[in-house]
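Colleague: I have a few plain questions about this chain. Can we go through them one at a time?

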Amino acid sequence: MEQRKYGERRELRQWVSLFALLLWWSGASAQIRYSISEELKEGTVVGNVAKDLGLDLSTLKQRGFRIVSSLPNPLFEVNQNDGILHVKQKIDREQVCKHSSVCLINLKTVLENPLEIHYVAVEMLDVNDHSPLFPDKEKRLEVSESALPGVRFQLQPALDPDGGVYSVQQYKLSHNEHFRLEVKDRGTDGKIPILNLQRPLDREVKSSHRLLLTAIDGGKPPKSGTVEIVVEVLDVNDNMPVFTKESYSVTLNENSPIGTAVIQVNATDLDEGSNGQVIYSFGNVNSQIHTLFHIENNTGQITVIGLIDFEVKDFYEIDIQASDKGSAPLTADKSITVNIVDLNDNAPEIEVTSFSKAIPEDSRPGTTVALISVNDLDSGLNGKVIGSISEDVPFTLTPSLQDNMYSVVTKSPLDREKQSQYDVTIVAKDAGQPALSSVKTISVTVSDVNDNSPEFSLSPYYFYITENNEPGARLFSVSASDRDKNENAIISYQVMREGGEEYKLASFLNINSEKGDVLALKSFDFETLKTFQFQVVATDSGTPALSSNVTVNVFILDQNDNTPVILYPVSTNGSAEGVEEIPRNVNAGHLVTKVRAYDADIGYNGWLLFSLQEVSDHSLFSLDRYTGQIRTLRSFTETDEAKHKLVILVKDNGNVSLSATATVIINAVEPKEAFAASDVKSSVKEEDENNVTFYLIITLGSVSTLFLVSIIVLVVMQCSKTPDYSPKYLQDTNYDGTLCHSIQYRPGDKRYMLVGPRMSIGSTIVPGSNGNTLVVPDHRRRASGEVS
């Protein structure tokens, strides 16, 4: 841009000169102006002066056409023959016009005869024949490293003898990170270079900077000149001491003697002079350090001055401070770790870092139970610890990737139902001589999973209930247990409703789902139903739930709920009354008649007793308490009544006895009348007895059938087990009745025992039979006895 402005000014001056020439030409005196470049060779034509002035060429020589100059060595000369002006010697514009921007050489030409004076102006045009030149080859600057960015340093400009566009037009500074160049334009005085600090200096990084400043003129091609600028960076105390090591660590045996060298630290300072001299001291340490250690100020040597005891402290952190000697000292801190070497006088320490107190019993082998950290305050072999488990438990100790870390893991499957808790003893032993060890016990609880089905206390169940139970009342209870715990052991019960014909009675049963109490929705009758079975399902509350079932066998026990029925005499209109005629001449012991009766109940409830409730003559007749036979006690006399009434009471042997009565009228007649009456009576009695015989046949047939079935079952049982019968008879002098058997249940043997005054207690009723089936291994009956 400077060159362009200069060119515009030059062009303006040329037009001004041309305009002045025209004005002069139009006046009285004429003037010619030529422009030539400097440094032209000798003889170079400037212009034809004679022709330009309009002179006659033929008269030039005669009139002595010449140039008048005061210089001893004229720069131009004119040819008298042709009037051409040429250069006589090489012209240096910078010598001719040192301080002029426009260089004009005025020539005066003279003609004689007549005398004419003409002025010729020759403008010497500049050419770029000089390079810019700095006053010095090297420029030295001193800059403090504390100088702030923005500080300016003015430099001497370069000089160029050329003028105008060929003078210095720009400056360039070599590339660097700290300085940049500014140029100030002072017009005619040229351009001034200024050095500007752009980034702070650091003597410790670079103590001097060499820059190359270049001045460039406007020639084409341009010419340049350079000067080397050396910037010396002056030191300030801006660097603190730096320790030669990043960290210091040293081991020291306990009980080391006083004066033992511990370590020597070293720090350097990049500054110069006193700014770089370093002294050492303890930093911010407690009083204990001062009693145990000493540091030399100039050397940094640390020595022992007190008793070192590992059991008091196993390491020390000593803060060291390094400081320079600057007017404002700078310091640096460093921590030294002094590890105390111990003897093997510490047992290993076991620490449980993570512990699962409960572990599921279905955990796979290898499941982590606890993380154990084993630590020994000793070092080396004295601190090398090996861990192990002492007992025979389903756990093992495995080392971790990290030193002194162990994992307690399962090595075999667990079963909470076999063992729910383990005490695991961990032993840690070091490798010192002699070795020291320690133990730690952890308790591991095995938590439950639902892996056990409920188990009933009995399988199958046998329950015995009394008939005529109250509907809705509790009959009995089943119970199941689950070896699991908590929710997995909470059991609910239900009756299995589906099944075969043998489970059809389950619809009349209900069960308490929580307690297992079984309720009947109907009343049972022993005479109709003697046994049945059903199944109960027990389900736990685990996820998924597990269940089991059990068969329940129910036997119904008889109650004394049936009144004895009189078979003879035959009942008429609700009363049993019969008439018997006997000869008066019968002897004592004569069988008059027999009262027959039966009871639908069994056992004691079915034992019948006969007794005389009313009798007209106690000395004449007797009644057998067991058979119901009426016999004469003595012979009739003439004073005895002919008609006798006997009211006979028949009662069973239940806890609350039920009874019935029968009336027998005995007529004593003469023997002839007795025979005749007996014929008539036999025909009548035969018809009555036919009905009685019919009922007896049915009863005896049923009993016989049941008896045979019982015999068969007994034979089968005897084949599998040798019975041990000890015939023992009940001797009860107060006992009376017609049915000489008592059914008793023995829970220990799970069977009925048939007991009577004339029967072995080894006789049994087989459970599960459909009737009152008697199995009598020792069949003994009285000759006069009879079973109803």
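Colleague: What percentage of the 788 residues of the chain count as buried?

Modeller: This is a predicted model, so the values are computed from it. A residue counts as buried when its relative accessible area is under 20%. Of the 788 residues, the share that meets this is 41%.

Colleague: How many helices and strands does the secondary structure of the chain come to?

Modeller: Contacts are counted here between residues at least 6 apart in sequence, and 65% of them join residues at least 24 apart. The secondary structure itself comes to five helices and 53 strands.

Colleague: Is Y119 buried, partly exposed or exposed?

Modeller: Y119 lies in strand β7, which covers residues 116–125. Together with L115 and I117, Y119 makes a nonpolar surface patch of about 300 Å². The relative accessible area of Y119 is 39%, and values between the 20% and 50% cut-offs are called partly exposed. Y119 is therefore partly exposed.

Colleague: Where is the place of D451, and which residues does D451 touch, not counting those up to four places away in sequence?

Modeller: D451 sits in the loop between β31 (437–447) and β32 (455–456). D451 has a relative accessible area of 41%, so it is partly exposed. E361 is 90 residues from D451 in sequence, yet their C-alpha atoms are 9.2 Å apart. Leaving out residues up to four places away, D451 touches E361, E417, D484 and L546.

Colleague: With which side chain does the side chain of D451 make a polar contact?

Modeller: The contact joins two side chains at 2.8 Å. The partner of D451 is N452.

Definitions and conventions. Residues are numbered from 1 along each chain as its sequence is written. This is a predicted model: local features need pLDDT of at least 70, side-chain atom pairs count only at pLDDT 80 or more; totals for chains, interfaces and linings use all residues. Side-chain values use heavy atoms; hydrogens and water are left out. Patches are made of residues with over 30% relative accessible area and no salt bridge: like charges are joined within 9 Å, nonpolar side chains (Val, Leu, Ile, Met, Phe, Trp, Tyr) within 5 Å. Accessible areas come from the Shrake-Rupley method with a 1.4 Å probe; for residues, only the protein chains shown count as cover. A salt bridge is a side-chain nitrogen of Lys or Arg within 4 Å of a carboxyl oxygen of Asp or Glu. Helices (H or I, at least four residues) and strands (E, at least two) are DSSP runs, numbered from the N terminus. Buried means under 20% relative accessible area, exposed over 50%, partly exposed in between (1.4 Å probe, protein chains only). Contact means heavy atoms within 4.5 Å. A polar contact is a pair of N or O atoms within 3.5 Å; within protein, one must be able to donate a hydrogen and the other to accept it, and residues adjacent in sequence count only if both atoms are side-chain atoms.
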